[in-house]
Amino acid sequence: MTYLPAGLPAPVTEADKLDQPYWEGTRQGKLMVQRCGACGTWQWGPEWLCHECHSFDMKWVEVEGRGTIYSWTRCWHPVHPALKGFGPYVAVVVELPHAGKIRMLGNLIGDPQQKVEIGSAVTAVFEPHDDAKTPYTLVHWQRV
Amino acid sequence: MTERTLRGKVAVVGVGETTYYKHSQSPDPEFVLALKAILAACADAGINPKDVDSFASYSNDRNDPSRIASALGCKDLRFSNMQWGGGGGGGAAAVGNAAAAIVSGQADIAVVYRALAQGQFQRFGLAAAGGTVAGENALVNPYGIFVPAQRYAFKMMRFMHDHGIKREALRAIAMASYHHAQANPRAVMHGRPLSAEDYDNARWIAEPSRLFDCCQENDGAAALVLVSAERAKDFKQTPAYILGVAQGSNHRHAARAYNATDLGTSSFGPVAPRLWEMAKLGPKDVDVLQSYENFTGGVLMSLVEHGYFKAEEANDFLKLENLLAPTGKLPMNTSGGNLAECYMHGLELQIEAVRQLRGTSTSQVPGAKVAGVIAGPMVTPVSTMIFGAEETL
Ligand SMILES: [Zn+2]
């Protein structure tokens with residue numbers, strides 16, 4: 001059982017492999033993000049160099065999947081054929097205070113009509129799609 | 001060193017539009033719409049279209065200036081320019097780019113244009129089916145986030161949360177556009193007024209936006225003709241002079257998955273101060289404003305970040321009576337704007353600003369001398385400009 005219906009676009013690694021460690025990590029239930037090997041700056045989304053010191057020595061490190069809701073939306077209008085007759089559903093932007101306040105986007109697991117509050121604590125929930133042509137795992141969030 | 005500025009050096013001397021249609025309703029192909037708008041703008045100015053030598057557009061407009069110049073039989077093609085960025089963020093920047101080309105001697109008679117026929121091409125508000133996604137889209141599409149109403153919801157929601165903005169403030173923005181459209185026979189929503197009840201009862205699209213917080217999608221085309229200030233009076237219309245223009249973005253705006261340093265913003269924070277500096281004016285000097293509504297929440301943030309009022313004052317300022325011509329404190333979107341006139345990616349807003357300075361708007365602000373235009377907010381880059389009548393030079 002997935003949060004959203006089947007038929008939405010499947011994520012794949014970029015042709016230049018910039019984000020490959022992230023997608024490989026999710027398959028193992030790990031949240032991998034970038035941290036600069038030279039100055040320690042956290043960075044998300046991925047980029048080839050550090051936006052702070054311009055070092056190309058970007059390391060991929062595992063971070064704990066917890067954070068707070070930074071912003072959110074509840075989507076009612078179906079904009080994709082797979083979402084016809086479905087909804088509403090909630091998407092959240094989550095801030096990770098222990099990883100330089102980087103942010104991540106996912107769906108908020110649970111009642112789609114639940115009251116959503118900025119600042120609420122959430123933890124990551126991995127949602128594998130093993131049957132996809134190229135299997136992948138999404139990262140959702142759940143209220144603590 | 002002489003001051004580097006566009007202030008007072010270039011004027012709009014012609015404006016043109018096609019009929020505005022609901023999306024996918026244009027009987028003409030998109031290229032024909034572009035040509036018709038350009039011909040109308042040239043006729044308005046009293047310029048032979050064959051004398052146009054430069055073209056500028058934005059948002060990846062599909063109508064190539066070389067083809068336009070060939071189709072029109074232009075004697076010379078000197079300057080052709082495309083402003084980076086999607087959405088309507090580049091509406092003012094495209095005018096600024098054309099003006100910069102004129103001032104620097106690269107262009108003489110420049111046309112800024114935008115044409116849209118969404119029936120011929122894919123609509124903005126609908127996603128394509130199936131397939132795979134990579135890069136930025138891989139981090140958002142699988143979670144059901146595709147279109148602008150969803151993508152920008154996070155910015156508006158955060159700003160409204162931080163500053164305690166009430167829905168009534170957004171409602172005033174939507175109702176002002178619909179109110180002005182009732183006086184404008186060109187407006188797609190002419191004859192379709194919006195009541196407070198209609199607004200409140202409309203379905204959600206993506207919170208915090210209900211149906212009437214969101215722009216239309218339309219077919220049509222719009223164009224403006226620009227010349228140097230020295231030549232502006234040779235043509236038949238009252239010139240609208242460019243007093244200031246600025247484009248840009250906020251820190252790390254395009255960092256994927258909502259990692260811009262400041263998320264709850266229209267992106268005008270660092271841009272608007274440059275506008276006021278070049279125009280040598282401030283928000284209190286503006287007689288009438290056109291502010292691009294992709295979503296009413298975007299207008300809210302644009303107004304705050306241009307300094308029209310503080311975020312804490314938004315609930316008090318954003319009352320319908322304050323936004324209406326002729327007597328409101330800040331008459332806004334006086335043709336009906338993107339919500340109710342036409343979503344011509346905001347170029348219709350530039351045209352309305354010119355009309356206000358000519359005194360020919362259907363919701364005229366008496367004696368308007370300074371007209372602001374804020375192009376599409378929340379995207380990157382954004383842009384903004386000020387037009388002035390001759391007295392402001
Ligand atoms: Zn670094």
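Colleague: Which residue of E9(A) does Pro128(A) stand opposite?
Modeller: In this predicted model, Pro128(A) faces Thr137(A) of E9(A).

Colleague: And how do E8(A) and E9(A) pair over their bridges?
Modeller: Strand E8, residues 121-129 of chain A, and strand E9, residues 136-143, are antiparallel and share eight bridges. The two make a hairpin, with six residues between them.

Colleague: What about E5(A), how many bridges does it have to E8(A)?
Modeller: E5(A) pairs with E8(A) over three bridges, again in the antiparallel sense. Within that pairing, Thr68(A) is opposite Ala121(A) of E8(A).

Colleague: Let's move to the open sheet in chain A. What is the strand order?
Modeller: The order is E3-E2-E4, three strands with antiparallel pairing. E3 (42-43) and E4 (58-63) of chain A are at the edges with a single partner strand each, so each has one side without a neighbour in the sheet.

Colleague: How many bridges join E2(A) to E4(A)?
Modeller: Six bridges join them, with E2 covering residues 31-36 of chain A and running antiparallel to E4(A). If you want a pair to look at, Leu31(A) has Val63(A) as its bridge partner in E4(A).

Colleague: Which helix packs on that sheet?
Modeller: That's H1 of chain A, residues 20-27, and it touches E2 and E4 of that chain. The direction of H1(A) makes about 145 degrees with that of E2(A).

Colleague: Switching to backbone oddities: which residues does a cis peptide bond join in chain A?
Modeller: Gly87(A) and Pro88(A) are joined by a cis peptide bond, with omega about 5 degrees. Pro88(A) sits in the loop between E5 (66-75) and E6 (89-96) of chain A.

Colleague: And which residues does a cis bond join in chain B?
Modeller: Ala325(B) and Pro326(B) are linked by a cis peptide bond, where omega is about 5 degrees. You'll find Pro326(B) in the loop between H10 (314-317) and H11 (337-341) of chain B.

Colleague: Why do those bonds deserve a second look?
Modeller: Because most peptide bonds are trans.

Colleague: Fair enough. What is phi near in Lys101(A)?
Modeller: Phi is near 60 degrees in Lys101(A), a positive value in a residue other than glycine. Most residues other than glycine have a negative phi. Lys101(A) belongs to the loop between E6 and E7 (102-107) of chain A.

Colleague: On to the interface. How many residues does each chain bring to the contact?
Modeller: Chain B brings 40 residues and chain A brings 43 residues. Together they bury about 3600 Å², with 60% of that on carbon and sulfur atoms.

Colleague: How many salt bridges are there between chain B and chain A?
Modeller: There are two between those chains. One of them pairs the side chains of Glu207(B) and Arg74(A), at 2.7 Å from N to O.

Colleague: And how many residue pairs are in polar contact across the interface?
Modeller: Between chain B and chain A there are 23 such pairs, counting those with both residues at pLDDT 80 or more.

Colleague: Which elements give two or more residues to the chain B side?
Modeller: On the side of chain B that touches chain A, they are strand E6 (132-133), helix H5 (153-163) and strand E7 (204-206) of chain B. H5(B) gives the most, with five residues. By class, that side of chain B has 24 nonpolar, 11 polar and five charged residues.

Colleague: Which strand of chain A is joined to E6(B)?
Modeller: Strand E1 of chain A, residues 10-11, is joined to E6(B) by two bridges, and the strands run parallel. Within E6(B), Thr132(B) is the bridge partner of Ala10(A).

Colleague: Last topic: how many salt bridges does the whole structure have over all chains?
Modeller: The search finds 21 over all chains. Among them is a pair within chain B, where the side chains of Arg186(B) and Glu17(B) meet at 3.7 Å, N to O.

Colleague: Which parts does that pair tie together?
Modeller: Arg186(B) is in the loop between H6 (167-181) and H7 (196-201) of chain B, while Glu17(B) is in E1 (residues 10-17) of chain B, so the pair ties together parts 169 residues apart in sequence.

How values were computed:
Residues numbered from 1 in each chain as written. Chains lettered and ligands numbered in written order. Predicted model: local features only at pLDDT ≥ 70, side-chain atom pairs only at ≥ 80, totals over all residues. Heavy atoms only, no water. Contact = heavy atoms within 4.5 Å. Buried area = accessible area lost by both parts, 1.4 Å probe. Salt bridge = Lys/Arg side-chain N within 4 Å of Asp/Glu carboxyl O. Polar contact = N/O pair within 3.5 Å; in protein donor to acceptor, adjacent residues only side chain to side chain. Helix = DSSP H or I, 4+ residues; strand = E, 2+ residues; numbered from the N terminus. Nonpolar A, V, L, I, M, F, W, Y, C, P; charged D, E, K, R; others polar. Pairing = 2+ DSSP bridges. Axes fitted to C-alpha atoms, helices over the stretch in contact; angles between N-to-C directions.
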